Amino acid sequence: MSKAAAALVLDASVADDAAFGKACEICEKIIVDKIVYSSSDEVAVVLAGTQESRSTLYEKFSHARYQHITVDRELARASRRTLESIAAVRQARQRTAPALQTLSYSAFDFVEALTVAADVLQAKVSGKKYTRAIYFVTDARHEVVHKDDLQLLFDSLANDQVALVVVGIDFDSSADAESKREVHERFKNVKEEEEEADASWGTLSVKAQNEKVLTGLCAALGTPSSVISPVEAVNMLSRLRCRRVRQQPLLRIILSIGDIQLATQIFTLTQQERLPTLSRSTPDGADVTQTVAYETVSYVDGEEERRAVCSEDLIESFFFGIDRIPCSAADRAKMKVKGERALQAIAFVAASEVAPYLLMGGTRTLLPLAGDHQGQRGYNALVEAMEAMGKAMVVRLVRVSDAAPVLCACFAQRCDDGGDLPRCLVMAPLPFAEDIRGFQFSEYPEFRFTAAEEQQMDDLIDGLTVDDTVLTPQDTFNPVLQQFYAILEAKLMSRATSTSTAATSPVEVPRLPAQLQGNSTNFFVEDSVVCARMRKHRHDLEVCAAHFPYEEDADDDADENSFHVKRNTLVASTEMGKGDGTEEGQGGRGLRSNVPLWHNRREGFAAEGGPQTQLEQRRIFSNAEAVTSASSRSASTAAAPMLLRGRERNDLSASSTSSSLAPSDRATTTSTVPHRVHEDVASAAVPGSVSSADPVTRFHFVVTQPNVQAAQIRHAKDALCDAVMELVRASGGSVGTKSSLDHKCVACMAALRAWCLAEKDAAYYNNFCGKLTTAAKQCGNHDDFWKLCDNVPPITRKECENSLLTDDADAEAFLQMASFCASR
């Protein structure tokens with residue numbers, strides 16, 4: 001896409017004030033459209049019907065021709081100053097008394113006005129690769145004096161390929177194709193028609209004659225020249241659209257497939273559009289520069305001292321662990337992988353083997369060079385064969401010499417999905433091993449669905465399926481970008497029409513267009529296809545919601561997701577089990593019913609799986625020391641990737657399943673900041689959180705309340721962990737110096753361990769032990785700390801069957817690994 005040059009011709013002598021305001025609005029929208037979506041385009045402003053005259057042609061003809069036509073803005077990139085030209089004309093019209101408006105503007109020859117606009121374009125972009133256009137907003141009520149210039153105007157516009165778009169104010173829209181053809185013939189033979197003095201033409205008014213001439217002129221020039229009404233112009237300029245990007249290749253490179261070489265070029269197909277970065281300037285718009293000062297900070301006797309350092313005295317370094325490793329330019333050059341610029345095909349694989357989640361970032365298309373007919377034949381043969389065989393080509397791309405190599409997958413795809421356009425290769429980057437996150441997730445196979453449930457879900461999916469015309473990428477706009485453009489447009493218009501220089505003057509936030517609300521901001525607005533589908537299949541939605549009910553206990557953050565999934569599935573399994581019995585779905589996954597979980601029972605749950613009274617809960621805490629003394633040491637789930645790497649597949653699968661069943665993985669995080677609690681939970685009968693003053697008593701009081709909820713219990717456990725961390729940091733990790741803090745820390749560990757044993761939540765406690773080991777190592781003596789905490793070791797499988805730690809050796813290895821990681 002080449003740059004565009006446009007001349008905006010505004011008829012300043014439009015008689016009706018409302019029509020003139022609409023004309024100014026159209027001109028402003030055209031300028032703003034250039035600023036927002038085509039910032040490299042250039043715009044000139046020509047005012048017709050003014051009292052003064054200013055143009056190159058006016059001076060060239062010694063003020064005898066081209067009068068009352070003013071070139072207010074020469075051709076340049078659209079900016080706020082371009083808008084100010086239109087705003088000045090509008091404000092001058094508003095300041096003029098109605099009785100004097102006819103004296104403020106003069107009649108003009110629209111042929112001369114268009115000739116001046118064409119001259120402005122020709123003087124700047126003649127012979128250059130520009131698309132040229134003239135936008136003429138007029139009511140065409142003034143008589144054309146120099147009719148002989150009409151043919152010269154047409155030749156000039158046709159030779160320079162200038163499109164003419166006339167926004168006709170109060171134009172007669174009843175002219176049909178026959179009228180256009182008649183006017184076209186009249187226009188081509190202007191002199192002969194004048195000699196014939198057609199009686200029918202003479203009966204028309206000046207305005208009607210001008211309308212027909214402009215219509216014929218646009219018809220003779222052909223598309224995209226046209227005559228449109230102001231309403232059509234506003235509608236077209238109000239449509240959502242994207243920022244125009246010049247079509248040019250990202251790079252040109254030779255594709256090597258063994259001994260075969262094809263000259264190709266790469267274009268970007270998709271790339272995430274981001275908001276522009278903020279820049280600083282003075283209130284009047286002057287650019288500023290920022291200087292950087294380097295200082296070292298040290299503390300002497302508790303006072304901060306700063307010392308300036310010259311940039312020449314600094315060295316560049318990389319962090320390697322906690323150490324800084326200085327690296328010179330020669331060192332950085334050695335780190336690069338040496339290689340020539342290349343695009344090499346490595347192998348062909350089945351296209352179905354490239355999983356969608358492996359594709360990274362924006363996509364590009366690989367095409368042969370324009371005009372390379374031999375290369376096009378080879379390229380077409382390659383693409384046809386790949387599509388017929390369902391293959392994808394894996395390539396190695398090095399954009400420039402010694403650049404980092406990139407792996408890409410190339411897929412054969414027709415540009416218009418089955419049309420007449422040729423096929424092309426679409427490239428998508430592939431990850432290296434370091435780019436893949438090896439997370440493991442459980443499918444919760446113990447929670448099964450029935451055939452009836454599966455059928456209900458199938459019906460729901462079929463009912464909510466839309467065709468390929470709904471939510472197409474080309475018609476689905478980003479609401480953030482569109483709102484960004486709308487706000488800046490409003491501020492730009494405000495600054496262009498006001499005399500204030502305040503850069504931060506408030507503006508009214510514009511409303512998002514209806515078409516944006518229907519496909520980007522809110523998919524369920526009235527009269528949309530998605531909303532109609534949802535309304536039509538409301539019954540299917542209600543049936544599925546009844547089988548998979550959702551109950552919100554707290555904010556849906558990371559820990560709540562697993563809680564709600566398990567709870568919803570359990571409730572669904574229980575309710576469906578009442579009616580369907582032993583009915584099973586496909587794949588042999590049966591429905592399990594009447595399986596109670598601890599978070600569904602307000603009175604608590606015993607370690608053996610039965611109900612638990614408050615008295616039994618209190619016994620857990622009162623006998624916490626005794627409970628923990630029988631424990632054997634073992635490793636935490638946090639160490640599973642390190643300790644279980646060499647185990648058999650069945651052991652690893654069992655570990656993953658048991659880890660996924662843990663009610664909370666709160667202790668796997670690097671911080672023990674408590675969860676945010678929902679207002680409904682916070683306002684329940686259970687009072688505030690656990691504090692470090694008396695954490696064990698407070699924790700015991702919270703979890704033994706009769707109406708305690710699952711989210712409150714997790715919050716209390718997290719707060720107890722925070723209290724232990726504070727105690728460890730306060731004691732410095734050493735034993736004997738602050739014995740009261742040490743004993744309080746052990747008491748907290750015993751209370752937490754006892755509760756996790758009762759809940760069968762070994763993963764939570766063991767993960768916290770790993771974090772605590774790291775904190776103790778960083779604070780002081782790790783060995784002495786765990787000698788003190790010998791009675792509260794990690795929970796092993798001997799005490800809790802879902803623990804990943806089998807024996808004392810696993811526990812010792814886990815603590816040593818945590819200590820080793822902390823020392824690095």
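**Buried residues and cores**

Biologist: Welcome me in gently: does Cys424 count as buried or exposed?
Modeller: Buried means under 20% relative accessible area and exposed means over 50%, with partly exposed in between (1.4 Å probe, protein chains only). Because its relative accessibility is 6%, Cys424 counts as buried.

Biologist: What kind of model is this?
Modeller: Residues are numbered from 1 along each chain as its sequence is written, and side-chain values use heavy atoms, leaving out hydrogens and water. Local features need pLDDT of at least 70, side-chain atom pairs count only at pLDDT 80 or more, and totals for chains, interfaces and linings use all residues, as this model is predicted.

Biologist: How many disulfides does a search of the whole structure find?
Modeller: A disulfide is a pair of cysteine sulfur atoms within 2.5 Å. Searching the whole structure for disulfides gives a count of 0.

Biologist: Which helix gives the largest share of the largest nonpolar core?
Modeller: A nonpolar core is a set of buried Ala, Val, Leu, Ile, Met, Phe, Trp, Tyr and Cys residues joined through side-chain atoms within 4.5 Å. The largest one has 42 residues, and Phe110, Leu114 and Leu214 are among those touching the most other members. Its largest share, 10 residues, comes from a helix (a DSSP run of H or I, at least four residues, numbered from the N terminus). That helix spans residues 110–125 and is H5.

Biologist: Where is Gln482 found, and which residues does Gln482 contact beyond four places in sequence?
Modeller: Gln482 is buried, with a relative accessible area of 8%. Helix H15 (residues 479–497) holds Gln482. Contact means heavy atoms within 4.5 Å. Leaving aside neighbours within four places in sequence, Gln482 contacts Tyr37, Leu240, Arg241, Phe477 and Leu516.

Technical notes:
Helix = DSSP H or I, 4+ residues; strand = E, 2+ residues; numbered from the N terminus.
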